[in-house]
Every structure is written in C-alpha cells, then in structure tokens.
Amino acid sequence: MSMFIKFFKALNANQHPGQIALSFVLGMILGLTPLLFPHNLLILLLVFLLRVNLSALLVAFVFFTGLAYLFDPLFDRFGYWLLHLQSLQTLWTDLYNQTLWQLLSFNNTIVIGSVVFSVLISVPAFYGFLVLVRLYRRRFLEWVQRFKLVRMLRGAEGANVIGGMLK
Amino acid sequence: MNQTHTPDTTNQTDADMDQTTPSEQGQPTMSTEPTKPTKSGKPTKPPKGWVRWSGLGWFALVFALVFTVVYWVGTWALKEQLEHYASKAWGAKVEIGNIDIGIAPIRLGLDDLQVTDPDKPMENLLELERISASLSLFHYIGGRTVIEDLVLTEWAMHQPRQTSGALEEVTPVSSETAIRKASGEAASEKKSGLAMPDMALPDPQAILERESLQTLEKAREIEQDINDLKQAWSEVQQQLPSQDTLAQYQAQFKQLSDGKVSSPADIQKRVSEFQQLKEEMEAKRDALKKARDLLGERLPKLKADMASLKDLPQQDLNRLMSKYSLDGQGLSNVTYLLFGPQIRQYTQTGLDWYQKAQPFIARLSKMLEEREAQAAEQGPERMLGREVNFALKDPQPDFIIKRITASANIDWGRVVAQVNQVTFDHPTTKLPVRFEVAATPASQPNALIVKGTSSFVDPEAPVNQASFDWSGYQLKDWQLAKDDTLPVVMKEATSTIRGKVSLTGLTEVTADVSLAYDKVDFDLSQTQSKQVARYIAPLFDKVTAFTVDTDIQGSVFAPSLSATSDLDQVLSGAFKQVFQQEMAQAKGQLKERIQAQMQGKLGPLQGQLDGLLDSQASVNGDFSDVQSIMQTNLEKQLQSRLKDEAKKAAQDKIEDNVGDQLKGLFGR
C-alpha cells in the first residue's frame, strides 16, 4: 500500500515525467526478461544510479512479469530465430567463445529473445510512457483527485492513518 | 512522511511541475539540495538531476552484502558437499580443515586435507597441507568443470588418525581385492627365506653320501631282478629232473633202442615200454621247458642291464661334476635370488596403489553416470528456454584438470610432480594424461624421474605407460638378501635405474627394468655358511660392476617375474676359475669312489648272473636231450631195424647158398 501511495504521489506531481517513464521502462525490462540472469544486474545498477521511481518500477515489473508468461513462447521462438540467423552465426560463435557473453546466457532462446525485444521497444516505450504520464497529469489528475481515497492519500495524516491500519 | 508540495491547479505545465519541490517521498531518490522560493513564498526544491551518484555506493554495498552472505554460506556448503561426496567416492572419510574461494580467477583452496586409508581406518593414507585449484570460468558457465591448475603442497602419507576414518556404511570388498589379498597372503606364506643353489663342494665322500648315484640305483635294481629270478628259479629247479634221472632215462632209452630186434612182438613190447618212459619224462620235460623259458625271458634283460651298468659310473661322474662345479647353471639363478624379492616388493607396492585407486575410479565413474542419468531424466523446466550451442574454439570435456602440480618437502626428501590433461573423456580431448614426477631423497644427489602417459583416446585399446630414470643413485649398506646362508649386503654402489612399464587394457602389465650397478662393494661377512665364506664371498669381493634386467609380464594381479644379470656370468666365471683345480682333484677322487662302489656291487652280481647263465645252458642241454628222446619214433626205428636185419639175414643166407654151390663146383 505504501508503495502505491508513493507511486501515485510520484505520478501526480513530484517527479519528472521522464524519470517516471524511465522507471516504467526499466521495470518493463525486468519483468519481460528472465529475472535471475546477469543482464538484470545492469538494470539494477541503472536503478541505483539513475533517479528513477522505485514504486513505478515495481509496478511495471509486476505488470510485465505477468505479461511475460504469455510472451515467453514468443520470446523463445524469436530467440531461436535470432540465434539461427545465418548472417549472425559468426557473431554468435564469437560471443559464445567469450566468458562475459557466456555469463549473460545470450545463447538461451528466451533470454536473447526477451532482452532484444525489450531493448528494441524500450525507446518507443519510454516515449509512450512519457506521453501517458503527461496525459495523465493534464487530463486525469484532477479527476482522480476527486476520489476521497486519493484525497486521503495526499496528506500525511491520511497516509499515517492507513499505514497504522495496515500495521 | 514529510509534507509534500503538490500542484493545485490543472493548468500547471510540465515546466511548472519541474519547478515544484518534490518533498521527501521516503525513497532514496531524495536529496538535500537548497530550496528556492515559489510564487506563494514557500521555498521549493529545484528538480533533481537524472543521475544519482550515491546510487553507485548503494549498489556496491548491496552487492558486497549479497556476495559476503553467498560466500560464507557457499563456502560452508561446499565444504560439506565436498567431504560428503569425496568420502562416498573414496570409500572412507575425506576431511577438509578449511576451504577458501577466490573470485578472479575462480579458485578453490582446501587446507589440511585428510584422506583415510579405506583398509586402515585409523590411518590417513594422505595428508595434504594445502590443495588449490583454479577453475576456468568460461567453461564452468558452460557446465564443464575445467580445472586449469591444481596445486598440492606439502603432503604426508600413512599418518595416524585420532579417530576412525571409516564410513558408517561398510564398503563391500571387491572380489578382485579379495583375490589380491588372498594371493598376497598365499605368496607371503610361500615366501620363506632364500633358496641358495646347492654348492656343497668338493668333498667326494660328502657328495656320495648326499647324492644318489645312478650306478648304485641300477645295481640295486639288477640285484633285485637277480634275486627275483633266483627265487623263481629255485622254485622251478625243484621240479627239474636230476642228472641221475636224466642218465637213467638215457640208459632206458638206449636199452630200448639198442640190441637186436628179434620180432615184431619184440618191437611192440619195446614200444610199449618206451611209451611208459615217455609218459614218465613228460612232466620232467615240462619242468625243463618252464625253466628254459624263465631264464630265456629274464636273463637277456639282466645281461643288458649289466652291460649298461658299466657305463653308468661315468654318467654319474659327469652329472655330479656338472652340478657341483656350478658351470653354466650353478649360479645362474643368483640374480633372481638376490633381486627377485626386492622387485616383487616394488611391484606389489605399485599394484597396491593401483588397487586402491580402482574402487575410487569405479565409484567416481558410477556417480558421474548416475548424475548424467538423472540429468537426462529431468526434462526441460517450463519457460527456461533452450540453449543453442555454437562451435567452441577450445572444446573441453565435462571434467578435466589441465595441470596438477604437487610439491612437498617431506622427511624422505623432495617430491615434485606434474600431471597434465587429467580427464575421463579422452575421446574429446584427444590428448593422453601426461605425468612427470621428480623425487629426490634427502640422501641422494639426483632425482628419480618418472614420466608417463595414460591414454583412453580409444576406449577399446587404452594405453598406459611410464618410464623412469634414476641416475647416480647412491647405495649404502643395502641388505640385498637377509638369508643366513647368503646374507648379501651391498656396502656401497652407484646405480642407474631405467625402465618402462606398460598396462594393456588395464589387466595386463608389461615392465622392463634395467639396473646398472657401478663401484660395487659387496659384503658377505655375516654368512653362517663356511662354504659361502670360502667360495662365494671372495667372488662377490671381485665384483665391481654388474647389470640386472628385470622382466615383469602377465596379469596385474599375479604378474610373472624374471630377472637376468651379467652378475650370473661374472660369478659363474670366477667361481669356475676358483674351483677348477679343486674340481680336477675332486673329480678323480669321485671317480675312484664311484668305481669302487660299482665294483663292490658289480662283482657279485656278475657272479650270480654267470651262475644263472650256466644253469640256463644246462637246462637248455637237458631239455634238448629229453626232447630228443621224446620225439624219437621208436617203433618205426625198430621196424626199420627189423627189416634191415631180415634183409641182411636173407642176404647172408643167399650168400651162403651161393658160396656152397661155388664150393661144390670149384672146390671139391
């Protein structure tokens, strides 16, 4: 609940829309790609290094993880196609013989498929999320704030009350 | 949660929003930058930048924390797992004092490794102060255990344990081990002292007392045959007709056959009496025939034996001289006698190690197979993807130790060993295991160098071989043989040992070992044998150099061993020379004694044989006489005589008549 409060606060006003969009993108990558693989260390490093909204990132992560279960068969087929592309065989073979790339498990169909897919859509996704955040703030923020719950969330007192209730 | 400034109008632009003051949100994103006043007069914080450098520190901290926890837990778990699986594979406790893991490169270090002897739970077969292994990260990620370097330092063997190192589950003794133990025990039971060649020389009397002469044996055999014949002869002799009887038969026959035949009735009468005589002679003739056959059958063999008996003394002499002069054969076995037990011990030690390793290799192979089988049974988990493998520039098997380096300074001396390409998957590596060991005892100037290869590139025809070379090995006070008769001590020598051992198909061993000894100083002063002290010890004193060639072949569990040496020739030659003079004298004495012994036997035997031969002649004569009488057709003979007499009477009568008529014509 606390996470959602923070998320809504960030979404509503107190953070740059681009940072929120980036949070969504990083959460999307974390969610779409297999979690316990070394490439996510880079994502984690970016999370720590860049000023992103952790709540937004986690929301995106949860959402896209669920989505990934549906997409995994597609990632598998996409990765398999990529790894068997004749024109890339030399590249893959060279990478396969390097420790770093072996460590990244690039030769796993789902890993390569999901990572490439996520990276490819990350730029359009960033702008998409950016537009959505701005759109939200312009069109939906006032409407959302009419809700009593949101008004409660706006104040610390309300948040403390809810926090106390949840404890 | 701190109070947050939130936009209160819907017309607020992004730029405005960027100008708003994001209050503390309970996130690590907040900074403490100075605020600036807003339109309402309230201070606002400037928008924060995109990069938060403190995040690097947080990231490093989290990473370090996770790493530390993983390291500690992983180290503990790895130690437990290693001890468990190594003990299971080895068949006795394998204990690790401490374990440490390195990261770049991946390295695993074990301190105070103790490997219990499976056959002796209260003894550590091996104790290692430290063993460290560096792992190829690249291959490890690919699921292969490729150990680039394995370094073992400071080990000790056969150290006592404080507690038993036996596993709770008793490992069944393999049948091969049981056979080996049984055969080993049997071999140790058989091993009883040193069997020296018989070298009691050259007292002829002692030789004759010790040795059984063929001459005497044959003489006794002939004597026995003669006695048997005489006994049989005496039985037959009782049934033989006496000379008087025979003379009486002769007389009766003469009476019947001689004299004037008066008439056919006279003939009939004589024939009738002759028939009675024949019937009376029939039994006697059978007795004579039996006697003749008895002597006729046995006497020729006796005569031949007697003839051969005369040649046997020389044969006995030659045999004894050959045996006791030791020329050619007498000391040909000395190499084996001296070096055989030692080589057998070395061979047994090697086999013991081979046997110890066998169950470990078998168990390890079984564990690997089980693991592979389990992995094969496990289907791919859901949504894990598929691994697409590409060509490796450096293909490696699932398990390999590329280099093992071991070094130790132990009481015995300095040992350095290096083994390369240790793997169970030679068909993949196409490379054999290569090993080289240099062992330098503290008392030796040079090292024993052992080099070898073990190749299973073709699993159907594995090749395992090793060669060794030890030059300038200094020997001092080496008790070569501990036998009371021949206690050979090599007081000093310099030796060079070279050899090659091959294992074919893991069951057949072939080994050639060559030992060259130089500057040798033998000592046989501890012998309790006067003969050794007199004849053998001086020979060893003269030996300064010799070589020994050993050949080991056959099953690894029971190899046959042979050893040859020019020491045999050296000793035999010197031995021959030393004894030549005494041998000549001994030979003469021996010959005389053998001849004397033979004559003592030969004379009486010849007398007895001659008597039997005389009897044979007599029996033959008597039988002929009796046979002659009995075969006579008396009736025909008498009738013929009757006719002749009648004819003569008629002729006489005619002559008388003619005479009378002539007298009448001319005389009167």
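The exercises below, each with a worked solution, concern a predicted model.

Residues are numbered from 1 along each chain as its sequence is written, and chains are lettered from A and ligands numbered from 1 in the order in which they are written. Because the model is predicted, local features need pLDDT of at least 70 and side-chain atom pairs count only at pLDDT 80 or more, while totals for chains, interfaces and linings use all residues.

**Exercise 1. Determine which elements make up chain A, and whether helix α2(A) is enclosed or uncovered.**

Step one is to list the elements, where helices (H or I, at least four residues) and strands (E, at least two) are DSSP runs numbered from the N terminus. Chain A has nine helices and zero strands, and of its 167 residues 40% count as buried (20 or more other C-beta atoms within 10 Å of the residue's own, with 12 or fewer meaning exposed, anything in between meaning partly exposed, and C-beta atoms placed from the backbone).

Step two is to check the length of α2(A), residues 17-32, for which the expected span is 1.5 Å times one less than the number of residues. Its 16 residues should span 22 Å, and the end C-alpha atoms are 22 Å apart, which agrees.

Step three is burial: 15 of the 16 residues of α2(A) are buried, so this helix is largely enclosed by the rest of the structure.

**Exercise 2. Describe helix α2 of chain B in the same terms, and state what phi B:Gly91 takes just after it.**

Helix α2(B), residues 54-90, has 37 residues and reaches 52 Å from its first C-alpha to its last, close to the 54 Å expected at 1.5 Å a residue. As for cover, the count of buried residues among these 37 is one, and the helix is hardly covered. Just after α2(B), B:Gly91 takes a positive phi of about 95°.

**Exercise 3. Work out how helices α6(B) and α8(B) are oriented and what kinds of residue make their contact.**

Two packed helices are described by the angle between their axes and the distance between the axes. The axes of α6(B), residues 214-237, and α8(B), residues 264-309, come within 10 Å and cross at roughly 170°. That makes α6(B) roughly antiparallel to α8(B), a term used for angles over 145 degrees.

The contact, which requires C-beta atoms placed from the backbone to lie within 7 Å, includes B:Ile222, B:Leu229 and B:Trp233 on the side of α6(B), and B:Leu294, B:Arg298 and B:Met306 on the side of α8(B). Its residues divide into 13 nonpolar, two polar and five charged.

**Exercise 4. Identify the strands that pair with β5(B), and place B:Lys120.**

Strands pair if DSSP finds at least two bridges between them. Strand β4(B), residues 106-117, is joined to β5(B) by 11 bridges and runs antiparallel to it; the connection is a hairpin through two residues, and B:Asp111 has B:Arg130 in β5(B) as its bridge partner. Another 11 bridges join β5(B) to β6(B), residues 145-160, again antiparallel, with B:Glu123 standing opposite B:Pro160.

B:Lys120 lies in β5(B), residues 120-135, and counts as partly exposed with 16 C-beta neighbours inside 10 Å. B:Lys120 and B:Ala92 are 28 residues apart in sequence and 9.4 Å apart in space, C-alpha to C-alpha.

**Exercise 5. For B:Asp477 and B:Lys519, decide whether each is buried or exposed.**

B:Asp477, in strand β11(B), residues 463-479, has a positive phi near 50° although it is not glycine, and with 9 C-beta neighbours inside 10 Å it counts as exposed. B:Lys519, in strand β13(B), residues 508-523, likewise has a positive phi, of about 50°, and with 12 such neighbours it counts as exposed.

Methods:
Axes fitted to C-alpha atoms, helices over the stretch in contact; angles between N-to-C directions. Parallel < 35°, antiparallel > 145°, perpendicular 65-115°, else oblique. Contact = placed C-beta atoms within 7 Å. Nonpolar A, V, L, I, M, F, W, Y, C, P; charged D, E, K, R; others polar.
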